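Q: Please take a close look at a single part of this model. I would like to know how its residues are placed and what lies around them.

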Amino acid sequence: MRVIIQPDYENLSLWAARYIARSIKDFSPTAAKPYVLGLPTGSSPLGTYRELIRLNKEGYVSFKHVVTFNMDEYVGLSAEHPQSYHRFMWDNLFSRVDINPKNVHILDGLAEDLELECAAYEALITESGGIRLFLGGIGADGHLAFNEPFSSLSSRTRVKTLTYDTKVANSRFFDNDISKVPSTALTVGIKTVCDAHEVVLLANGHAKARAVQAMVEGGVSQAWTASALQLHPRSIVVLDEPASGELKVDTWKYFKDIEAFNLDVENLL
Ligand SMILES: N[C@@H]1[C@@H](O)[C@H](O)[C@@H](COP(=O)(O)O)O[C@@H]1O
C-alpha cells in the first residue's frame with residue numbers, strides 16, 4: 001500500500017486527478033481498448049472531479065474512450081432524484097467532460113429484480129475487461145463503497161442495509177432528516193473493488209483519521225472493510241494532513257520520506 005500525504009484537500013485533489021489523468025493518457029485508450037474507471041460519489045472526490053474537468057477542458061485528457069462503473073446507488077431513488085448517485089455523477093462530472101453517455105454505468109436502485117441487477121453489473125464489468133483503476137472514498141467507520149463494517153471481504157455487488165451511522169452521516173444531504181435516507185443500497189463488493197488493476201482511495205479531514213489509522217496500521221479486518229486494500233498489489237491512499245492525524249509519527253515519517261519525490265502535483269502532468 002502506498003500512502004500519499006498532502007498538506008491540504010486542494011493538493012490531495014490535484015494529486016489524485018492528475019494521477020488518474022496520467023494513467024488514462026499512458027493507457028492510450030481506443031474504442032476497441034477502452035480505459036475502465038471505477039468511481040465513487042461523496043464529498044471526498046469533488047475536488048478530484050473538478051480538476052479532471054479542468055484537465056479535460058484544457059485538452060490534457062479525454063474521456064472519449066473511458067468506460068465508467070460507479071460504486072453504488074441508493075435503493076428506491078430514481079435517476080432524477082436530487083440525492084441519487086446518478087444525479088450526483090452527471091452534475092459533478094459526466095455532463096462536464098467528453099464522455100459518451102453509453103459508456104457510463106451506474107447501478108439501478110429502482111430495478112425490479114435487484115439481485116439480477118447486481119449480477120448483471122458484475123458480468124458487465126468482466127465483459128468490459130475489468131476495472132483498470134477504482135477510485136474510492138472511505139466512511140468514518142472505514143466503509144468502502146457501501147460495504148459497511150462486517151461486510152465480507154470477499155463480497156461482490158449486492159444489496160446492503162445501511163448502518164445507523166452511515167444514515168446519520170448521509171442525512172446532511174436529506175434535509176438532516178434521517179427518515180428520508182434510504183435504508184438499503186446497491187453496492188459493489190470489497191472483492192469487486194480489489195479485483196481492479198489499481199485502487200486509489202481518498203480521505204480528507206479529521207473525521208476520517210480514525211478510519212485511516214485502522215486501514216493503514218491495523219490488521220486486515222472486516223470491521224474496517226477498507227483495510228482489505230492492504231492485500232491489494234497496487235493500492236494508493238491519498239490523504240490530507242488532518243486525515244493522517246491518527247497515524248503514528250513513525251508511520252507518517254516513513255511515508256513522507258519514501259514518497260518525498262512523488263508528492264509534487266506538477267510532476268504528474
Ligand atoms: N457510499 C458512500 C461512500 O462511497 C463514500 O466514500 C462515503 C464517504 O463520503 P464522503 O466522501 O462524503 O465523506 O459516503 C458514502 O457512504
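A: The account below begins with the conventions used, turns to one loop, and then follows its contacts outward.

Residues are numbered from 1 along each chain, in the order in which its sequence is written. The model is predicted, and local features are therefore reported only at a pLDDT of at least 70 and side-chain atom pairs only at pLDDT 80 or more, whereas totals for chains, interfaces and linings use all residues.

The part chosen is the loop between strand 6 (133-136) and strand 7 (158-161), in which D141 lies. Helices (DSSP runs of H or I, at least four residues) and strands (runs of E, at least two) are numbered from the N terminus. The UniProt record, an unreviewed entry, places the feature "active site" at D72, D141, H143 and E148. UniProt positions follow the numbering used here, feature names are shortened, and annotations may be inferred rather than shown by experiment. The same kind of record, again an unreviewed entry, lists residues 9-229 for "domain: Glucosamine/galactosamine-6-phosphate isomerase". That span is 33% helix and 15% strand, and its end C-alpha atoms lie 22 Å apart.

Two of the recorded active-site positions can be examined within the loop. D141 has 18 C-beta neighbours inside 10 Å, and therefore counts as partly exposed. The rule is that a residue is buried if 20 or more other C-beta atoms lie within 10 Å of its own, exposed if 12 or fewer do, and partly exposed in between, with C-beta atoms placed from the backbone. D141 touches P149, D165 and A211, once residues up to four places away in sequence are set aside. Contact here means that the C-beta atoms of two residues, placed from the backbone, lie within 7 Å.

H143 also belongs to the loop between strand 6 and strand 7. Because 25 C-beta neighbours fall inside 10 Å, H143 counts as buried. Apart from neighbours within four places in sequence, H143 is in contact with I138, E148, P149, T166 and T225. One of these partners, E148, is itself among the positions that the record gives for the active site.

A145 lies in the loop as well. With 30 other C-beta atoms within 10 Å, A145 is buried. The backbone of A145 deserves attention: its phi is near 55°, a positive value in a residue other than glycine. Most residues other than glycine have a negative phi.

T157, too, has its place in the loop between strand 6 and strand 7. This residue counts as buried, because 26 C-beta neighbours lie inside 10 Å. Setting aside residues up to four places away in sequence, T157 touches C118, Y121, E122, L186, T187, V188, G189 and T192. T157 and E115 are 42 residues apart in sequence, yet their C-alpha atoms are 8.7 Å apart in space.

These contacts of T157 lead to helix 4, which covers residues 114-127. Its 14 residues should span 20 Å at 1.5 Å a residue, and the end C-alpha atoms are indeed 20 Å apart, so the two values agree. The expected span is 1.5 Å times one less than the number of residues in the helix. Within helix 4, E117, C118, Y121 and I125 are buried. Viewed down the helix axis, these buried residues fall within an arc of 100°, so they line one face of helix 4. The arc is taken from the directions that run from the helix axis to the C-beta atoms. On the other side of helix 4, E115, L116, A123, T126 and E127 are exposed. The buried residues of helix 4 pack against strand 3 (66-70), strand 7 and strand 8 (184-187). Just after helix 4, G129 adopts a positive phi of about 95°.

The ligand may be considered last. It is surrounded by 13 residues, of which P40, G42, S43, S44 and G137 are the closest. A residue is counted as near a molecule or strand if its C-beta atom, placed from the backbone, lies within 6 Å of it. By class, this shell has five nonpolar, seven polar and one charged residues. Ala, Val, Leu, Ile, Met, Phe, Trp, Tyr, Cys and Pro count as nonpolar, Asp, Glu, Lys and Arg as charged, and the others, Gly among them, as polar.
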